[in-house]
Structure formats: C-alpha cells, structure tokens
Amino acid sequence: MIKKRILAVVILLLGIGVAFFVFKSEPKLNINYESSGSFFKHSPFRLGLDLSGGSHLIYKADVSGVPSGQVSDSMNALRDVIERRVNLFGVSEPVVQIQEGGFVSGGEEKLIVDLPGVTDVEKATAMIGQTPLLEFKTEAPKDAPKTATVDENGKVNIDMSQQFVSTELSGRYLKKAILEFDQNTREPKVGLQFDDTGTKLFAEITKNNVGKIVAIYLDGAPISTPVVREEITGGEAQISGNFTPTEAKQLVGRLNSGALPVPISLLSKQTIGASLGDNAVHAGVKAAIIGFLFIALFLILWYRLPGIIAVISLCIYIAIILTLFKLLPVTLTAAGIAGFIISLGIAVDANVLIFERVKEEMRSGRIISDAVSTGFSRAWFSIRDSNSSSIITAVILFWFGTPLIKGFALTLGMGVLVSMLSAITITKIFLSSVNFIGEGKVARFLFSSGISK
Amino acid sequence: MFIIKHKKIFISISIALVVLSIISLFVFGLKVGIDFKGGALTEVVYKDARPAQADLHSALQALNLGSISIQPTGDMGYIVKSIDLNEAEHTLILKTLSNNEKNVLEEKSFNSIGPSVGKELTRKAIIAIILVSLGIILFIAFAFRKVSKPVSSWRYGLIAIVSLLHDVIIPIGLFTFLSHFYGAEVDTLFVVAALTILGLSVSDTIVIFDRIRENLKNKVEMSFNETVGKSLEQSYVRSICTSFTVILVLLSLVFFGPTSTKYFAIMLTVGMFFGTYSSIFLASPLLVLVEEWQKKKK
C-alpha cells in the first residue's frame, strides 16, 4: 500500500515536472523567458500556416521530360533547389515538401512550399519563380516540320522553338557556374561546369552535333546558340550572350543557387494574414480552457472523489500531450487544436467507463478496494473497443490527408492513444492509493456518483 | 424498460429525422466549396470604412473574371469568391476592392485552388471515405465475430451499420440546412467531420451490444427483450456520460473556438448527440424488433 502511495506521489511530481516544462518553454506564459535556458527556448509550439500566418503554395512539376526511373531523383533535386532559393531570402522555418504523384493524388508530381510569415503571395511566388531553368537543346532533324509565318512587312519568321529539340542535359547536372571574361574582348561570359553525369551527357551531345548548333535555353528562351566545333569531354561550357558584367554576375548567382531541374507551374496558393491566425490561436486556446473547465466541473460534481482524481489525471494527460506537441514537434493547425480539444472529451471517457464499472461492482456488494480493481479489469474491454474505432479513423485520415486533415488526425490519434495510457495507469494508481479513506458512509458517498446517495 | 416498451416510437423518431435529412439534402443540396471544385477566396478588412457591397460588386463584375461574388464578413470586411486567380488577376481584385488604394484595406486571407488540386482532393476524400467505411465495417465484423443466439452475429453488425448511417445522415442533413441559410460549404473539414462521427459513434453501439451478449450468456433475464432492457439499464448512464464529456468540449469549440472550425464542431456535436441517441434508442430497439420478426416467422 505504501508502495502505491509513493508511486502516486512520484507520478504527481513527474506530471508537475512535465507541466513546468510546458510553462517554461512558452514565451507568453513565462515572464523570464528571455533569461531561461536554451533547452526551453528550443521547444516552442510549432504553429501551422493557418495560425502563424504565411503562404502555402502548391506547384506542379512537369516531369514529362524526365525518364521514369529518375523522377524521384529530379524531384529531390528540385526540392533542394527551391529550399536553397527560399533560404536565401531569409524566411524562418520554410517547409518544402515533395508530394509524389501516386495513385491517391492523381499522378501529378507536386511540390508544396510553406512560407511562414510571408503574406505577400506576389513576392513569395516571385522569390521562387526567379530560379532559372537551364536547358540544352540540339537542332531538330532537317525533315522535321517547321512553320514559317510571313508578317505584315513581308518578313519571314521561323518559330525558333521548333528548330530545337530538348536533350536530357539540364541545369540539374550543373556543378557550378563561374563568371569569366574573354581574354581578347574583355566580354563577360558565364562558365558552366557539369557534374559527372552532366559531363557524359554533354560529351555525347557535342559528339553527335559537331558543326551544328547546341542552343542554351534559360527560362524557356534561347540565350546562346553556339556552334559545336568538336566533342567536349571536359564537362565545361561557356555562355557568351552579350551580357553586361552585372547581368553575367546575376546569372552566375542564380545558376549557383540552383537551376531548376524540371519546369514548375503554380497550381494553388493560400495566404493567411497574421491577424487572422492570431485570432484563431486565441479562440482555440479559449475553447480548450473552457472545455476543460466544463469537463472538470462535470466530473467533480458527478463522480465526486474519483472525479477529482480523473481531473488530476486529465491535467497530467494535457501536460504530456502538450510536451509531445513541442518535442516531436507536431505542427498545430486550427483543425489540429480542434482534434486536441476533442481528445480532452475522449480522454475522460476511459475514466467514466471505469467509474461506472466500479459503481456497479460496489452495488453488487463489493468493498471499495475490490470494486476498484475488478472495475478496472472489466472496463478494459469497453475502453479498448471504444478507442479502437477512433484510432482506425485517425490512422486512415492521417495516411490520406492533406496537411489540414493530417493535423487533425494526428492530434486526435495521439490524444486517444496517450489518454488510454494516462486514464488507465494514472487513474488506477491514484484511485488505489486513496483507499485509506476506508469503508465508512462518507467513503461510499465519495465513491458514488450522480444523484444517488 | 420503457425504451423497449415504446421502441416503435423511438424508431419512428429516428426514421423521421433521417427522412427529413434526406429531403433537406435533395431540396437544398450540398454547396461544394473551393477545396473540391477549385476557385479563389479573398478576404479583406477595411481600415476606416467599408464601401457599399453593390458598388464593389459591379466594379468586380466589370473585371470580367467569370462569376464573382462578394459577401460581407464581420463589421468591416468582405469575402470575394471567384474562379482561381493568377497573380495579375489577384492584384487586380485587390486594386478594385481598395479603389486604387484609396480605401485602406488589409488582406486577411487569400486562397486560390486550381481545378487539378480540387480534383486531387476530391479523389483523396473519396478514397478516405471508402477506407474509413471499410475499416469501420471490418471493426464491426471483428467485434461481432462470435456467434450468438437467438439473433445471429451478422444481424448485430448490420444493425450497428444501420445506426451508424443514421448518425452520419442526420448531421449531413443539418449541414445542408446550414449550407442553404448560412452559406456553409462542403470542404475537407466536412468530410473529416463525417468520418470522425463514424469512428466516434460506432463504439457506443458496440459496447451496448457487448453488454447484451454478455447478459444473454449469463442468462440474466428470461426473455430476449427483457435482457436487452436490462442491458440498456446497465449501460445508458455510461453511454450518455462518455458522449456528454465529448459534447461539452465540442460545444465550447462551437461557441468559443476559431471560426474556421465552427461548422466542423457543429457537425461533430450533432453527430455525437445522435450517435448516443441511436445506440440507446435505435440500435437496441431494432435488435428486439428483429428478434420479434424472427419469432413470428417461425
């Protein structure tokens, strides 16, 4: 018995410790936040874009030109490039994710870019759009159809884009770009250095096109159309495109920060102003606190002493789950907060099931301590059943969800799992440690519930 | 047990509500939001004074961006709904709303979803609905795998599914009503709410049915309907209490929570309420009814 009580005290202290962590690591609660240790400072709640404000962009990556085996490679390269690009602009904690075009998402390769704090979509898309797309094209076969148009002035225009065909070589095989100056004319040039694959590809292309033009396209427009004199095996190329020194320097910078391996187009964009997010956070916190108070009031009024214990174990549950949110970390969205709030209600379910069973056992004539232990073991099956269906739903929603659904499914699912643990173990330890109150009338009253005496 | 005695009344109430919901679904229909069909939503708040809705509406119409609608939100704001917008069109709308920056405004949120993203989301939602339904049905099948008498297992399962449909259809019916009168739209959260109701409300029915079978095994009462009545008596308090705690938090979410999750919380509240109602007043009475029909056949 002493052991159980010690265990109860230990759990209580641990719970307080965890709650203290949540308190200390939250700038809004902790007045001395600035002076507290770095351990606390590194664990704020991570807020989703709908709460922190920011931009959420979905790009479609056109991988039609990439051999099917290399799609995921070039998508990874694309992500790295965009990530570097976004980081250059000093956005805090940007998230760049690939969404694979599997069966579920309908076969399109997508790139999702989250930019917290950036509420100007124009600026945001410009930031990403500036990334150059570098392509190498070779002359189309002579017999390929070409369309020539004659304009009003009698000038013949040949559509340039039909003159050249794409090759596999693109900016993704670029190792680095350097600024060079022509030794004779002092004209600025951009030197390109390919990686191993790029070198091979470039050698192949130049070998097959001696005496022909290899066009270098930047962002879909030809910037340089040199004639190949001989096979180039060194993996180096030059773009001399009548640049001014500044232009050449900029291009080098852009190429080095990463050329896009595949073209992308913007599919959808979402911006949430900071004030809207703030309001949602306040409302969410308010709803959580009021919801908690409602439950606590109900539990204490209806279940009396066990009710108080349930409230304590609910508090410990809250401390644990908030800590998990911070440490994992879980990105909280409005839907995620809703999931957490609902989990508060579900968390006490297990307690209710246990208390009702205990009450039944007491009615059938058992003494309190016996009733508590049999009540617990008998309630287990109901608890398992009533939680497993929620877990099934949460797991499926998490797998198939968009970020919004994921946020909800994750907090709800975690809530159900953690609360099962907290309700069963913590409540059990506390309940069995208070049996010192004996078997008197008062004790039986305290262990009863509802409007019964 | 009065519930078993008056089972036909309670079953009728459920049927009436379901029929009403289905009628409402057909009469009002479900308004699909931009999540699924694509489109753009621009929310702005004016700093000093809000221009008249009609003026802005005609100014926006003049932009020729297809069907475009504007509705007031809060005291100083408007929400503009349109087809999905590119950068230039978006800027144009903001310029129009601010009357070339003469009226100071803040863009609270902007959401533009291309048709392909909408399609993808629809696809995902359908797959999620199918999988969750399958998961729940498998769960029910698992819960009722042991054969029992006098009503066979699969009938318990079937009744559980019927009451589950009841729990989902009623909130959806209510949503069509809200959709018609308050402009609520079917978005991802709507689907999540419907699926969460499935997960949350099935357990109540299963727990009560488990009680019934436990009592049947132990031969607590003589007849089937008395056993069901007794089981209900033993479990209705806990059924109501467990749902009540969830409904308490949901209500606080409805009244104090973020606007973005308001309709979501309303749907869940209604779903939880009818989930509990159906486990006590629909599923068990149906079970007794089925048993009576079986007896008559013999």
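Colleague: How many residues does the contact take from chain B, and how many from chain A?
Modeller: This is a predicted model, in which local features need pLDDT of at least 70, side-chain atom pairs count only at pLDDT 80 or more, and totals for chains, interfaces and linings use all residues. Residues are numbered from 1 along each chain as its sequence is written, while chains are lettered from A and ligands numbered from 1 in the order in which they are written. Two residues are in contact if their C-beta atoms, placed from the backbone, lie within 7 Å. On that basis chain B supplies 57 residues and chain A supplies 56 residues.

Colleague: Which element gives the most to the side of chain B that touches chain A?
Modeller: Helices (H or I, at least four residues) and strands (E, at least two) are DSSP runs, numbered from the N terminus. Elements supplying at least two residues each include β4 (105-113), α8 (188-218) and α10 (262-297) of chain B. The top contributor, with 15 residues, is α6(B).

Colleague: Which residue of β4(B) stands opposite A:Lys269?
Modeller: Strands pair if DSSP finds at least two bridges between them. Strand β14 (residues 264-272) of chain A and β4(B) pair in the antiparallel sense over 5 bridges. Opposite A:Lys269 stands B:Ser112.

Colleague: Where is the kink of about 145 degrees in α8(A)?
Modeller: Happily, the end-to-end distance gives a clue. Helix α8 (residues 274-327) of chain A has 54 residues, yet its end C-alpha atoms are only 24 Å apart, short of the 80 Å that a straight helix would reach at 1.5 Å a residue; the expected span is 1.5 Å times one less than the number of residues. The bend at a residue is the angle between axes fitted to the seven residues ending there and the seven starting there. Shortly before the proline A:Pro306, the kink lies at A:Arg304.

Colleague: And α10(B), at which residue does it bend?
Modeller: Its 36 residues should span 52 Å at 1.5 Å a residue, and the end C-alpha atoms are 49 Å apart, which agrees. Still, α10(B) bends by about 45 degrees, at B:Ser278.

Colleague: What separates the centres of the two domains of chain B?
Modeller: Domain bounds come from an automatic or database domain assignment. That assignment gives domain 1 (2-34 + 116-297) and domain 2 (39-112). Taken over C-alpha atoms, their centres are separated by 41 Å.

Colleague: What ipTM does the predictor give the complex?
Modeller: For chain B, the mean pLDDT (the predictor's confidence in each residue, from 0 to 100) is 88, and 99% of its residues reach 70 or more. The complex has a pTM of 0.80 and an ipTM of 0.88.
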